[in-house]
Amino acid sequence: MDLQRITSPSHPFFEAAWRVYEQSFPKNERRTQEDHLRALCDPAFHACAAVENGQLLVIAFFWQTAEFTYLEHLAVSPAMRGTGCGTRVLQALLDETRAPLILEIEPPEDDVCRRRKHFYERLGLVMGDFPHWQFPYQPGTEGSPLCIMARPAISRTQYDAFYRFLLERVLIYTAYRPNGQ
């Protein structure tokens, strides 16, 4: 499996990756294509496609800083779900970084969300004890409460730095504007 960084819409897997992204995440959790194209120009943002035999298996959209890696979106192509390729991509990301890997999940209140939490726990991520809010990425949508998971576990100070990074860097590539800005 080859993890290819997508830096422009001319990449051969851009369209396939975009389809998986749109199919896998609700509107309030994903960028518009225009905002996504702007984010591609940010050196900290990595939009990657895991490819094998000319087929897109997994998308992994993440932000890399010296303090942490924020896995913003991870999704397996519908035809490849249950094959272990999502685990392989996440394990590769975990192996690559010495800094904590941080991600958000829905509160584990139903079977699907509990399975997702257990998937991440099997790879060594632990649930943080910090109240967290997902800001809406597109106009006309609402934010929602999420939970933080990380490997290794992060402190409150690390969470606060991550949250500032969301507000100051990640959200500039969405429709969210604090205080009506």
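**A tour of helix 2 and three salt bridges**

Begin by selecting helix 2, residues 33–40, in this predicted model, where D35, H36, A39 and L40 are the buried residues to highlight. If you turn the view to look down the axis of helix 2, its buried residues fall within an arc of 145°, so they line one face of the helix. Next, bring up the elements around them, since what covers the buried residues of helix 2 includes helix 1 (14–24), strand 2 (45–52) and strand 3 (55–64).

From here the tour turns to charged pairs. Side chains of opposite charge can pair when their charged atoms come close, and in this model the count comes to nine salt bridges, among them the three visited below.

Select R30 and E22, which form a salt bridge whose closest N and O atoms are 3.9 Å apart. R30 counts as buried because its relative accessibility is 15%, under the 20% cut-off, while E22, at 38%, counts as partly exposed.

Move on to E106 and R116, whose side chains meet in a salt bridge with an N to O distance of 2.7 Å. This pair links distant parts of the chain, with E106 in the loop between strand 5 (101–105) and helix 4 (111–122), and R116, 10 residues away, in helix 4. E106 is partly exposed at a relative accessible area of 25%, and R116 is partly exposed at 31%.

Finally, select R156 and D160, which both lie in helix 5 (residues 156–170), four residues or about one turn of the helix apart. Their side chains meet in a salt bridge of 3.1 Å, N to O; R156 is partly exposed at 43% relative accessibility, and D160 is partly exposed at 29%.

Notes
Residues numbered from 1 in each chain as written. Predicted model: local features only at pLDDT ≥ 70, side-chain atom pairs only at ≥ 80, totals over all residues. Heavy atoms only, no water. Buried < 20%, exposed > 50% of the residue type's maximum accessible area, 1.4 Å probe, protein only. Helix = DSSP H or I, 4+ residues; strand = E, 2+ residues; numbered from the N terminus. Arc of directions from axis to C-beta. Contact = heavy atoms within 4.5 Å. Salt bridge = Lys/Arg side-chain N within 4 Å of Asp/Glu carboxyl O.
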